[in-house]
There are 2 protein chains.
Amino acid sequence: MANIKDIAKMAGVSVTTVSRVLNNHPYVSEEKREAVRSAMVECNYQPNLNAVHLSKGETLLIGVVTPFINHPYFGQLLEGIANEAVKNNYKLVLFQTNYEEEREVEALQMLQFKQIDALIICSRICGMDIIEEFVAYGPIVLCEDARGKNVSSIFIDQYQTFSKALMYLHNKGHQRIGYSIFRKSGTNSKLREKAYKEFLREMNEPFNPEYIFYDCLKFEDGVHVVERLLKMSSPPTALVVTSDIVAAGILTFCKEKEIQIPEDLAIMGFDNQPIAKIMHITTLEIPLVEIGRKLFLQAIDNSEPSHEEVFVKLIERETV
Amino acid sequence: MANIKDIAKMAGVSVTTVSRVLNNHPYVSEEKREAVRSAMVECNYQPNLNAVHLSKGETLLIGVVTPFINHPYFGQLLEGIANEAVKNNYKLVLFQTNYEEEREVEALQMLQFKQIDALIICSRICGMDIIEEFVAYGPIVLCEDARGKNVSSIFIDQYQTFSKALMYLHNKGHQRIGYSIFRKSGTNSKLREKAYKEFLREMNEPFNPEYIFYDCLKFEDGVHVVERLLKMSSPPTALVVTSDIVAAGILTFCKEKEIQIPEDLAIMGFDNQPIAKIMHITTLEIPLVEIGRKLFLQAIDNSEPSHEEVFVKLIERETV
DNA sequence: CTGTTAGCGCCTTCAT
DNA sequence: ATGAAGGCGCTAACAG
């Protein structure tokens, strides 16, 4: 492992000069620059990143917080982040939190202690107040509407989006509309609940807590939804399902139970994941890979916190 | 950001002593140890990892090479790796390669240049010769049978496993058996092909290249399989599908086309992913999360390369 | 048991 | 345009 000193010796210059060409600094004669270059290729020289990091106080590491990594939603997000990271020569440090606040704080602390340069939080359980304690230590970017806050964000307008979905179902003639979601709390969940209640009020429909299905994250969670549906005397005729993979699960079990889609039950998915296309699920397209890309770019952008809204598109297929 | 010197000063000791308590070295009086400890908590001291890494020549970073991260197979593997990584205070550096050799070499070079401590290669396209060029630089662990090679590995016996699946189908009365797989080449693919051909020979069945379906990676790839199936004059009556997610896709499309499972077509999945349970897919259980765990442990184990076989279990459900 | 000191490899003033 | 030298924060002989 040749180091900067060796290169300097070989090229007959000082380490400073080597460092200069390494960092594309001006004021190096073309001659010496060339000598250094060839010495570097000869030794197949690679700078020791730890030394660079120590010296510069930066790491080229970006932390990524997700509750799970093995889930299509976060998988797509990660994919977008990872692709952009390689392009920019950054590495990712993964924090799989399972929504444990402790894990999130660990990630935040890595930022505080300069072990990573920035932190992308794809989903969180900790309060905004905790996040804000750490904004001073480095860029934090959230995947939720954080306008007005001191962190960057890429977000979709959950309220609008959810309202749009509900309205679409309403216009298709549905009165009893329910929805499934993963978490009861969480910023996005609350916005959706708000949109839901607001919608009911406008439509003059009663609020039936039974029509909300929580803990829906994976394909198999669709089972429970269908099971509960079967037991209800007056089940909803339409469901907004905040994840295509769950929608796919519901669809599959409905077929097993001979519930006709969309006649007996209309289903509106979320995300437009590949499975939605395959199973002809009507859904709201959320460009997750693209969002991941933007999240990364925001993380390495050292200017002021910025906020960017991403728009969703309703994709009509055969489940509504 | 207090550093080791500050702590030393506060505690009235030398930096060495601080370093000693930091690294749990013996020969520090309980008294001073305590003084150092309290100074550390008072400043909320965190060692600068870059400095530690530079000094020790290690990074506490483990590279993980996967072709894709957004796929249940690699997702589960990653999950296992990630869980064990946090336990051991290591961070993961992700390399999503899309099976581009260049990306794999990049990862290998990061090992060479000490930017990561070890490298886990979950799946590869580059030749073993290339891998072996890098073994001198640090632990490399593969998720395939690498016995006899100079790298560690966790693996399942692909040949045996595939034979077992084929034999199971045969015993269920199937003569025309095909299989679907992602890659044509690749170590595992070749072993499976070998097992397949050997099986046919033993059973005295002809080899029909049409019965092999390549490029099957995702749910939606099941479509193409079914489409081809429909066009065949003498389609296979059973399929070994080397990924449950693909099996699920095939199952779904068969239902759409009114192909009865298992009557018209028997399906044997692979991995026992959650979807297999839900859709009642008969499958071979491969403990991917556990494999991920073991891969990580091997990566940080500095002793000689070791090899561990992991065993699979056939899970009978309703698609055969 | 404890402290002094020389690195680890690179960057960056400061002189020249 | 170039180089000498100090420093980033920590570890690990070595000496005592």
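Student: What rotation superposes chain B on chain A?

Tutor: First, this is a predicted model, where local features need pLDDT of at least 70, side-chain atom pairs count only at pLDDT 80 or more, and totals for chains, interfaces and linings use all residues. Residues are numbered from 1 along each chain as its sequence is written, chains are lettered from A and ligands numbered from 1 in the order in which they are written, and side-chain values use heavy atoms, without hydrogens and water. Copies are superposed by least squares on C-alpha atoms of residues with pLDDT of at least 70 in both. With RMSD 0.2 Å and 0.0 Å of shift along the axis, the rotation is 180°.

Student: What share of the contact residues of chain B recur in chain A?

Tutor: Go back to the rotation of 180° with 0.0 Å of shift. That is the relation of a two-fold axis. The same surface serves both copies, and with contact meaning heavy atoms within 4.5 Å, the share that recurs is 98%.

Student: Which part of DNA strand C do most of its atoms within 4 Å of the protein belong to, sugar or phosphate, or bases?

Tutor: The protein puts 23 residues around the strand, where near means a heavy atom within 4 Å. Among the nearest are Tyr45(A) and Thr16(B). Of the strand's atoms within 4 Å of the protein, 62% belong to sugar or phosphate.

Student: Which side chain has an N or O atom 2.7 Å from a base oxygen of DNA strand C?

Tutor: Take the polar contacts, pairs of N or O atoms within 3.5 Å. Ser55(A) has a polar side-chain atom 2.7 Å from a sugar or linking oxygen of DNA strand C, and Thr17(B) has one 2.7 Å from a phosphate oxygen. The base oxygen is reached by Arg20(B).

Student: How many residues are in the other core, apart from the largest nonpolar core?

Tutor: A nonpolar core joins buried Ala, Val, Leu, Ile, Met, Phe, Trp, Tyr and Cys residues through side-chain atoms within 4.5 Å; buried is under 20% relative accessible area, exposed over 50%, partly exposed in between (1.4 Å probe, protein chains only). The largest has 160 residues, with Ile250(A), Ile291(A), Ile250(B) and Ile291(B) touching the most other members. Apart from it lies another core, including Met110(A) and Val151(B), and its residue count is 40.

Student: Is Asn204(B) buried or exposed?

Tutor: Asn204(B) isn't a glycine, yet its phi is positive, about 65°. Most residues other than glycine have a negative phi. With a relative accessible area of 71%, Asn204(B) is exposed.

Key:
Polar contact = N/O pair within 3.5 Å; in protein donor to acceptor, adjacent residues only side chain to side chain.
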